[in-house]
Amino acid sequence: MNEKRAIKVALLGAGSVGSQVARLLLEQADEYERRVGTRLELIGISVRNPDAKRDVDLPKELFTTDAETLIVSADIVVELMGGINPARELVTLALESGADVVTANKALLAHHGAELFELAERVGAQLYYEAAVGGAIPIIRPLRENLGGDRVERILGIVNGTTNYILDRMHTRGDSFDESLRIATELGYAEADPTADIEGYDAQQKASILASIAFHTKVPVDSVYREGITKVSIDEIEDAKRAGYVVKLLAICERIPGNNGEKDQVSARVYPALVPETHPLASVHGGNNAIFVEAKAAGSLMFYGAGAGGVETASAVLGDLVAAARRHLLGGPGSGESMDADLPILPVEEIVTSYQISLEAEDEAGILAGIAQTFAEKQVSVATLEQAAPVEESDDGDAESRATLVIGTHRATEGALSSLVTALAESPAVHDIKGVLRVEGSNL
Ligand SMILES: NC(=O)c1ccc[n+]([C@@H]2O[C@H](COP(=O)([O-])OP(=O)(O)OC[C@H]3O[C@@H](n4cnc5c(N)ncnc54)[C@H](O)[C@@H]3O)[C@@H](O)[C@H]2O)c1
Ligand SMILES: N[C@@H](CCO)C(=O)O
Ligand code: NA
């Protein structure tokens with residue numbers, strides 16, 4: 001009888017995602033065998049401590065602390081340890097020994113993806129990473145394959161569940177930042193060190209991965225402009241709400257058409273932005289993620305769902321594992337990453353966007369004219385202006401009246417807009433700049 005041999009799978013790491021992958025791989029073995037055409041055999045799980053308490057009961061005999069020996073016996077290596085070292089060395093070893101690799105490690109890919117993709121191509125192996133962006137949401141394969149014949153023009157992504165959870169709670173319930181972060185951590189959305197989430201590093205890594213695939217160009221993680229959400233105040237969220245916006249931490253990847261036959265440029269950036277409440281991204285609540293893609297022929301598409309969570313992320317990993325197993329049976333080289341467009345990265349000062357600026361000004365005749373003059377000098381045009389009720393203040397016995405102005409600008413370069421904000425801050429008419437947020441997904 002000509003029975004196909006089993007495909008040997010090695011798992012590195014049995015934490016939130018890894019333990020779920022192991023459980024489902026064992027529980028659903030028969031189903032995978034039917035789907036793939038041969039058995040997927042979990043030959044071992046590399047762990048740091050075989051006796052550690054885990055959420056899922058796994059057969060102890062599968063545990064090993066010798067990752068290298070496990071890797072060289074495997075056809076497919078699934079890396080779910082996270083972090084750069086030793087994941088980088090172990091993935092390198094796996095590819096060099098001819099295994100295909102499945103990983104969820106966005107940090108590894110954002111920092112060393114180019115080197116690992118080159119190695120995979122050289123040895124004829126394949127690196128799969130659907131779980132690295134958007135957790136369970138299919139987005140890597142849609143960009144690489146389904147949209148491989150289209151031209152992606154823009155991506156607006158909510159790619160970090162922790163920050164979406166925090167901003168959503170601040171918006172819908174008026175809860176504080178600290179309280180919202182505490183609950184997001186309890187729910188298991190946050191990284192071990194939540195700085196990666198709230199300061200935007202996690203989203204920056206994901207933006208670098210998305211932009212690289214979408215634009216067939218290496219977009220190094222350090223070239224992705226980044227701001228986190230720690231400076232977003234409840235007042236700014238309230239001002240946004242009154243003006244018909246929701247604040248979201250966005251990963252933005254944009255292709256900027258070149259002039260006069262020049263090459264297009266690309267921009268990748270992460271910052272909290274105002275999104276009109278009518279935009280599909282505004283309705284992404286809690287820890288969910290959504291990636292809104294604008295492509296030349298397809299138009300607008302939105303990919304939505306669970307961007308984090310052990311079992312949810314395991315779904316994406318197992319999908320990759322099935323794809324890797326099928327490829328393994330077919331043989332032949334991997335399909336590689338097409339990074340040959342080599343588009344230049346737009347400097348951050350040249351990004352074109354619009355701002356909403358909340359400021360406190362003296363409520364006197366002529367003040368508005370002075371502010372308008374500053375806008376004119378900086379060649380930024382006002383799109384909307386709203387004045388909140390004046391506040392009476394009398395610290396020193398003299399009552400003075402201050403007005404909060406919420407000014408929306410038309411689109412201008414980042415350079416012009418930040419120079420405007422500096423000039424406003426220095427203007428005697430302006431008492432305090434309460435907040436500055438960019439607007440995305442609007443026609444302003
Ligand atoms: N948890 C999520 O929601 C989620 C979502 C998307 C992507 N990811 C990615 O998936 C990967 C795993 O995440 P996780 O949440 O399961 O992390 P985790 O911290 O729960 O699990 C990682 C496990 O790997 C083990 N480990 C670390 N170094 C090791 C080593 N040298 N040898 C053996 N074991 C080692 C740790 O002890 C831990 O048990 C990360 O790259 C993460 O960024 C996670
Ligand atoms: N900490 C990440 C996990 C998924 O990558 C998040 O909050 O989205
Ligand atoms: Na995904």
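Student: Which of the 23 residues around ligand 1 come nearest?

Tutor: G13, G15, G82, A104 and A308 do. Keep in mind that this is a predicted model.

Student: Which helices supply at least two residues of that shell around ligand 1?

Tutor: Helix 1 (16-27) and helix 12 (310-330) each do so. Helix 1 gives the most, with three residues. By class, the shell around ligand 1 has ten nonpolar, eleven polar and two charged residues.

Student: What surrounds ligand 2?

Tutor: The residues around ligand 2 are G135, N160, G161, T162, Y189, A190, E191, D197, D202, G307 and A308. They divide into three nonpolar, five polar and three charged. A308 is also among the nearest residues to ligand 1.

Student: On to the sheet. What is the strand order in the open sheet of six strands?

Tutor: Start with the general idea. Strands of a sheet pair through backbone hydrogen bonds, in either a parallel or an antiparallel sense. Here the order is 3-2-1-4-5-6, and the pairing is parallel. Strand 3 (63-64) and strand 6 are the edges, since each pairs on one side only.

Student: How many bridges link strand 1 and strand 2?

Tutor: Six bridges join strand 1 (residues 7-12) to strand 2 (residues 40-46), in the parallel sense. To find the register, look at I7, which stands opposite L40 in strand 2.

Student: How many bridges does strand 5 make with strand 4?

Tutor: Four, and strand 4 (residues 76-79) runs parallel to strand 5. V78 has V102 of strand 5 as its bridge partner. Between these two strands the chain passes through helix 4 (residues 87-96), and the β-α-β crossover is right-handed.

Student: Where does the chain go on the other side of strand 5?

Tutor: Strand 5, helix 5 (residues 106-123) and strand 6 form a right-handed β-α-β unit. Two bridges join strand 5 to strand 6 (residues 127-128), again in parallel. There, V101 stands opposite L127.

Student: Which way do the residues of strand 5 point?

Tutor: In a regular strand, side chains alternate between the two faces of the sheet. In strand 5 (residues 100-103), D100 and V102 point one way, while V101 and T103 point the other. All of them are buried.

Student: Which residues of helix 14 are buried?

Tutor: An α-helix has 3.6 residues a turn, so residues three or four places apart point the same way. In helix 14, the buried residues are E414, L417, L420 and L424. They cover an arc of only 125 degrees around the axis, so they lie on the same side of helix 14. The face turned away from that buried side carries the exposed residues T422 and E426.

Student: What span does helix 14 reach?

Tutor: Helix 14 (residues 414-426) has 13 residues and reaches 18 Å from first C-alpha to last. That is close to the 18 Å expected at 1.5 Å a residue.

Student: Now the backbone. Is the peptide bond from N85 to P86 cis or trans?

Tutor: Most peptide bonds are trans, and most residues other than glycine have a negative phi. The bond from N85 to P86 is cis, with omega near 10 degrees. P86 sits in the loop between strand 4 and helix 4.

Student: Where is H216, and is its phi positive or negative?

Tutor: H216 is in the loop between helix 10 (201-214) and strand 8 (225-226). Its phi is positive, about 50 degrees, although H216 is not a glycine. H216 is partly exposed, with 18 other C-beta atoms within 10 Å.

Student: Is D342 buried or exposed?

Tutor: D342 is exposed, with 10 other C-beta atoms within 10 Å. It has a positive phi of about 55 degrees, though not a glycine. Look for D342 in the loop between helix 12 and strand 13 (352-362).

How values were computed: Residues numbered from 1 in each chain as written. Chains lettered and ligands numbered in written order. Predicted model: local features only at pLDDT ≥ 70, side-chain atom pairs only at ≥ 80, totals over all residues. Expected span 1.5 Å × (residues − 1). Buried ≥ 20, exposed ≤ 12 C-beta atoms within 10 Å, placed from the backbone. Arc of directions from axis to C-beta. Pairing = 2+ DSSP bridges. Right-handed = clockwise from strand over helix to strand, strands pointing away. Near = placed C-beta within 6 Å. Nonpolar A, V, L, I, M, F, W, Y, C, P; charged D, E, K, R; others polar.
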